[in-house]
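Thanks for coming. I will go through one structure today, a few residues and helices at a time. Please look at the sequence and the model first.

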Amino acid sequence: MKYIDEFRDGDLARKLAADIRREARPEREYGLMEFCGGHTHAIFRYGIQGLLPDCVHMIHGPGCPVCVLPIGRVDNAIELARMPGVTLCCYGDMLRVPGSGRVSLLKAKADGADIRMVYSSADALKIAQENPERQVVFFAIGFETTTPPTAVVILQAETLGLNNFTVFSNHVLTPAAIGAIMQSGEARVDGVVGPAHVSTVIGSRPYEPFSAEYHMPVVIAGFEPLDMMQAILMLIRQINEGRAEVENEFTRAVTRDGNLKAQRMVDEVFELRDTFEWRGLGWVPDSALQIREKYAAFDAEKRFELTHASVADHQSCECSAIIRGVKNPLDCKLFGSVCTPDNPIGSCMVSSEGACAAYYTYGRYREAQKQDQT
Ligand code: SF4
């Protein structure tokens, strides 16, 4: 299969693994953060960690949009869904994320709220067109990949003159989050595997300022196993040579400037928020988008006068530390016992891209054995 099989070739994987082992210096440690949940998933699904020498450590970053949404924003969505006459549309993963008191959107739905699972922003717009007597709110989440489709439906709603459609915007920005992690200095990161899908939209240019500021090598990589391994090799080479550049392994989809048409559309509808709360990272300046005043009629926060309250995570849940790259799922005493994909306590176990879900699905026995041996 074109562009799939080529990036899952076993012989090439073994050769890359040998190159990594030869070039990684055993006397030093390499902490490599994959920002994106898709990469975390690939690492476990294809057993990449097992092919790396002991001195190379993958650190799982905050790149799962479901995981990084704080409890206060989940509570806002539940509040919206419970308002009379409101239909809330959201992606499936968000349904099970616990809010305050472990109440989720799924629980609110069971209690009678009109909550619909959608696969795209266009589905939400269609529901608004078909139900003019309801106020339909799209619970928009995601990084730069999902923002353009949200901008499109807001522009379409304006063209259609829809007055029963609004968006609860929770779109967040990747470079700001990586910058916040670097600034905190909590996680020992020597290089970053840059996101794939996000970078198809924003390009590689936005990573250049923090790569320079923190002397941090960045390699943008695709989601196939050979993409990941090639990116790891490229990072090790940069680190060994003392370089800190933004390199692009994913040239088949990412350019330096990204998708300018999508960027223009996003810029037409959205503007930067001064600050936004992230699970794990706290309040991060210039890290999220809000709907511009020009399109305020489609802004659910304004129409329904939502206010945001910061709410602490479950006291035993380590999601915040995992998102900051300072702990891994096996450090959480609830992992795999109290907290499972069927009964998630924190967001990292809910989302298929979350680190806890990836460990649980692919890596829990292997990683536990490794920990026992050390
Ligand atoms: S295992 Fe569950 S409780 Fe523990 S950090 Fe992960 S999501 Fe949170």
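C55 is buried, since its relative accessible area is 8% and the cut-off for buried is under 20%. This is a predicted model, so please hear every value I give as computed from that prediction. As for its place in the chain, C55 lies in the loop that runs between α2 (37-45) and β2 (56-63). If you take V118 as a reference point, C55 is 63 residues from V118 in sequence, and their C-alpha atoms are 43 Å apart in space.

Staying with cysteines, how many disulfides does the structure hold? The count is zero.

Next, the ligand. Which residues surround the ligand? Going up the numbering, the list begins with C317, E318, C319 and I322. It goes on with C332, L334, F335 and C339, and ends with I345, G346, M349 and C356. Sorted by class, that shell consists of 10 nonpolar residues, one polar residue and one charged residue. The charged one is E318 and the polar one is G346, because glutamate counts as charged and glycine is placed among the polar residues. Cysteine is counted as nonpolar in this scheme.

Are the cysteines C332 and C339 of that shell buried or exposed? C332 has a relative accessible area of 12%, so C332 is buried. For C339 the figure is 7%, so C339 is buried as well.

Now the helix packing. Two packed helices are described by the angle between their axes and by the distance between those axes. I have three pairs.

The first pair on my list is α1 and α12. Helix α12 covers residues 225-241, and its axis comes within 10 Å of the axis of α1, with a crossing angle of roughly 20°. The two helices are therefore roughly parallel to each other. The crossing of α1 past α12 is left-handed.

The next pair is α7 and α8. Helix α7 spans residues 121-130, and it packs against α8 at an angle of about 25°, the axes being 9 Å apart. So α7 is roughly parallel to α8. Here α7 passes α8 in a right-handed crossing.

Helix α8, residues 147-160, also pairs with helix α13, residues 260-269: their axes come within 9 Å and cross at roughly 55°. That angle makes α8 oblique to α13. The crossing of α8 and α13 is left-handed.

Back to α1 for one residue. Helix α1 runs over residues 10-23, and R14 sits in it. With a relative accessibility of 54%, R14 counts as exposed, because the cut-off for exposed is over 50%. R14 and N240 are 226 residues apart along the chain, while 22 Å separates their C-alpha atoms.

Last, two backbone angles. Most residues other than glycine have a negative phi. Which sign does phi have at R102? It is positive, near 60°. R102 is placed in the loop between α5 (92-95) and α6 (105-110), and with 40% relative accessibility it counts as partly exposed. H215 also has a positive phi, near 45°, and is likewise a residue other than glycine. Its loop is the one between α11 (208-213) and β8 (218-220).

That is the end of my list.

Methods. Residues are numbered from 1 along each chain as its sequence is written. This is a predicted model: local features need pLDDT of at least 70, side-chain atom pairs count only at pLDDT 80 or more; totals for chains, interfaces and linings use all residues. Side-chain values use heavy atoms; hydrogens and water are left out. A disulfide is a pair of cysteine sulfur atoms within 2.5 Å. Buried means under 20% relative accessible area, exposed over 50%, partly exposed in between (1.4 Å probe, protein chains only). A residue is near a molecule or strand if one of its heavy atoms lies within 4 Å of it. Axes are lines fitted to C-alpha atoms, for helices over the stretch in contact, and angles run from 0 to 180 degrees between N-to-C directions. Helices (H or I, at least four residues) and strands (E, at least two) are DSSP runs, numbered from the N terminus. Angles under 35 degrees count as roughly parallel, over 145 as roughly antiparallel, 65 to 115 as roughly perpendicular and the rest as oblique. A crossing is left-handed if the near helix is turned anticlockwise from the far one by less than a right angle, and right-handed if clockwise.
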